[in-house]
Amino acid sequence: MNARGAGPALRVAVFGLTVTLVGYALLVAWLAGNAYVNDRAVDHYRAHTELSLGRVLKDASASEDVRVSWTDEAGHEHVQLFTPPSDSYPYRKYGAFPVGYDPTETNPSGHFYDYRESGPRRLDENGLIGSAVLAALGAAGVCAAWARRGLTFRLAARRPGRPMTADVRAGTRARSFHWQAARTPWLVLDDRHWQRVMWHPALAEHWDGTSVTVHGDRTAVAVLPDGTRLVPVGRLHHRAPTRLTFTHVRTAPAHAWWRRAWPATAYGTVFGFAAGFWLGDGTLLAVVGHTLAWATLSTALWALYAPEL
């Protein structure tokens, strides 16, 4: 493939692969980072929290402070005045009173131990691993699709060539997802074969009836008169694809081509944010994780779908 033929398609491929690998690397890092922080928080809580069942020394009403005798794990007895929670009940002499304290302190000070507040809970490691595996499979799928496209191009380009005429058209979907490009470039070969291709600025420079050399049978690699080899997307069609409206291509864009990826990225971001509440539990971990995953997938699929730039 000469530089003129490889440039635009290669840039889109590198963009799509970079988005895929960086996006899912950030997702895995986010999951692993949260798991690490959670483990540290749980271990810290367990190391610095101990329960002692104290004994009430004097009757107290629900609104009064309670004098309690309790013993730490070293066997030292403590007598301390506690303020019970607002939804508490009267305490009777010699009744039980839960006391929480930090066993790492030399002279620990206790506090009312609320069984309803058991500290941070350990995250579901199986769920995190499953999410990471799904992310890896998604990244592998996108990378495999790009590898297959490149291999198909190379194999077809090695086949004997045959002369044909080509009309350049842009196929527009009436309805499409935001990760699907609304307009994709097509070649109409000899008015009876249809081949979708990746965008190249040279497409806007050739009129109907351009003489091209076509390599391959199931997938067609068309070589323009200036030597530009167009990268095919999918198989060669022998009838006009349905659900597409074909028009002439526009002139080559003056803006940066990657800017056209922003609608797909924005769509994935909004959908992922909502999915964090719909499919997840609405926590920061779930919302950020889904947002990263769907924004990456939407942008990567936009690049893979070979839009008209």
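Strand β1 (residues 50-56) and strand β2 (residues 66-71) run antiparallel and are joined by two bridges. Within this pairing, R55 finds its bridge partner in S69 of β2. The model in which these strands appear is a predicted one.

Stepping outwards from this pair, β1 and β2 take their places in an open sheet of five strands, paired antiparallel and ordered β3-β2-β1-β4-β5. The sheet is bordered by β3 (77-82) and β5 (111-112), edge strands that each pair on one side only. As a general reminder, backbone hydrogen bonds are what pair the strands of a sheet, in either a parallel or an antiparallel manner.

The chain as a whole holds four helices and 11 strands. Its radius of gyration is 33 Å, whereas the globule rule gives 19 Å for 309 residues; the value is well over that figure, so the chain is more spread out than a compact globule. The extents of the C-alpha trace along the principal axes are about 105 × 35 × 30 Å.

Turning to packing, 40% of the 309 residues of the chain count as buried. Contacts between residues at least 6 apart in sequence join residues at least 24 apart in 69% of cases.

The surface and the charges round off the picture. The chain has an accessible surface of about 17,400 Å², and carbon and sulfur atoms account for 59% of that area. The chain carries 32 positive and 25 negative charges, and the mean positions of these two sets lie 18 Å apart.

Methods. Residues numbered from 1 in each chain as written. Predicted model: local features only at pLDDT ≥ 70, side-chain atom pairs only at ≥ 80, totals over all residues. Heavy atoms only, no water. Rg over C-alpha atoms; globule rule 2.2 N^0.38 Å. Buried < 20%, exposed > 50% of the residue type's maximum accessible area, 1.4 Å probe, protein only. Contact = heavy atoms within 4.5 Å. Areas by Shrake-Rupley, 256 points an atom, 1.4 Å probe, with all protein chains shown as cover. Lys, Arg positive; Asp, Glu negative; His and termini not counted. Charge placed at Lys NZ, Arg CZ, Asp CG, Glu CD. Pairing = 2+ DSSP bridges.
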